[in-house]
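Me: Please take a close look at a single part of the structure below and describe how it is put together. A connected account would suit me better than a list.

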Amino acid sequence: MATLTLLITSFFFLMTLSSSTNPQNFTVELIHRDSPHSPLYNPQTSPTDRLNAAFLRSISRSRRFNQHSQTDLQSGLIGAGGEFLMSITIGTPPMNVLAIADTGSDLTWVQCKPCQQCYKENGPLFDKTQSSTYKSMPCESRHCNALSTNERGCDEAKNVCKYRYSYGDQSFTKGDVATETISIGSASGSPVSFPGTVFGCGYENGGTFDETGSGIIGLGGGQLSLISQLGSSISNKFSYCLSHKSATVNGTSVINLGTNSVPSGLNEPSSHVISTPLVDKEPKTYYYLTLEAISVGKTKIPYTGSSYYPNNDDVSMKGNIIIDSGTTLTLLESGFYDSFGEAVEEAVAGAKRVSDPQGLLSHCFKSGSAEIGLPEITMHFTGADVKLSPLNAFVKVSEDMVCMSMIPTTEVAIYGNFAQMDFLVGYDLDKRTVSFQRMDCTNTI
């Protein structure tokens, strides 16, 4: 048993980019969206308000995985519901843009001049006519054909590839597919530049996007994502370390790209690094893992959720959960969740179960003056038993109440960022594995 003492909320990327040669390793600081360093920080909102807003974004974001809408599956984001912001420079001379970073999206896009229909943006729009390195993509180019058929179009008069994304909350973006020089700054070394990066220049954009951001930075697993395009220059490896203290002034989280971003000594007892296979399936945007069971204390409960995108209608356990740094909560198959919730309720000591006043979380527990004893939760992925701390599985919503940061779903299961706090989570896209190493992410820079 352990006692929950800290409050966790959601995250944003903030990266400063400029030009240089391509190194094999670099580290970028992440800024929590509720940190005073964040451009979205609102000192007037309470910690409880920020938590509830993060939970609502999780629920909204999860709907984009609905199997009935292939357009939403490919485009990968519900409006401005991502949990990270990234600052990049684009073009020559470089121009700073701030955009939502999303591990569930592929194509990077920004608002561009001349804008036919754009949402309000605090900063200037990207002007391709002022950049010497902007190049439109032809309609029959391989980059254009990498878009799904309902995402791409063609301006035949100009032979320019067009993209169009529609998001689940009626937000949208349309524009030209092009290449540009995008640069990324590093917290631990020289900034780096990546010429010829494919992106979308958006001329028609609207919906719920926040005026702080200029578009989307795609960090998914598909061919057009920034991660896939950087490819060999980062040795097809990246990792992130999200600190539970990131909402404070001194809290620091990072993303690492390159050869050394994924820890060595996988599955060796002395290294405390464990790994699980990535499962290859469509759409390739998402990172799929296989969850076999969850333990509550010593009670192991087999996970009954099947693959959400079974091939040829063959129900399979493989790839039955998506790991996503942009979703705050963890969502588990509703049938399994019933027995899982019962086991948690039986294991909690010094508190009684109550309803969440906001109606968002399923299992909440309230005590009088006594500390609440919480069970250890272990996620049993294929080949990797990930032991969660109370901070990974529960959230303190008031002085005398905690709630599980895991909720039931009838759609796709998602392993959210609360569960990933204070782990170095490494993606080796050559070996097709995700690794976990427990560490204090506050001290990673």
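Reply: The account below takes up one sheet, the helix that lies across it and the disulfide within it, and then turns to other disulfides of the chain.

The model is predicted, so local features need pLDDT of at least 70 and side-chain atom pairs count only at pLDDT 80 or more, whereas totals for chains, interfaces and linings use all residues. Residues are numbered from 1 along each chain as its sequence is written, and side-chain values use heavy atoms, with hydrogens and water left out.

The sheet is open and has four strands, in the order E21-E22-E26-E25, with antiparallel pairing. Strands (E, at least two residues) and helices (H or I, at least four) are DSSP runs numbered from the N terminus, and two strands pair if DSSP finds at least two bridges between them. Strands E21 (352-354) and E25 (394-398) each have a single partner strand and stand at the edges, so one side of each is left without a neighbour in the sheet. On average, neighbouring strands are turned by 35° against each other, direction ignored. Such angles run from 0 to 180 degrees between N-to-C directions, with axes fitted as lines to C-alpha atoms, for helices over the stretch in contact.

Strands E22 (residues 364-366) and E26 (residues 401-404) run antiparallel and are joined by three bridges; lysine 366, for instance, has methionine 401 in E26 as its bridge partner. Helix H5 (residues 334-347) lies across E21, E22, E25 and E26, running at about 150° to E26; contact here means heavy atoms within 4.5 Å.

Strands E22 and E26 also share a disulfide (a pair of cysteine sulfur atoms within 2.5 Å). The sulfur atoms of cysteine 364 and cysteine 403 are 2.0 Å apart, and the link is right-handed, with 105° about the S-S bond. Cysteine 364 lies in E22 and cysteine 403 in E26, so the pair ties together parts that are 39 residues apart in sequence. Both cysteines are buried, that is, under 20% relative accessible area, where exposed means over 50% and partly exposed lies in between (1.4 Å probe, protein chains only).

The whole structure contains six disulfides. Another of them joins cysteine 112 to cysteine 201 (S to S 2.0 Å); this link is left-handed, with -110° about the S-S bond. Cysteine 112 lies in strand E5 (residues 109-113) and cysteine 201 in strand E11 (residues 192-206), so this pair connects parts 89 residues apart in sequence. Cysteine 112 and cysteine 201 are both buried.
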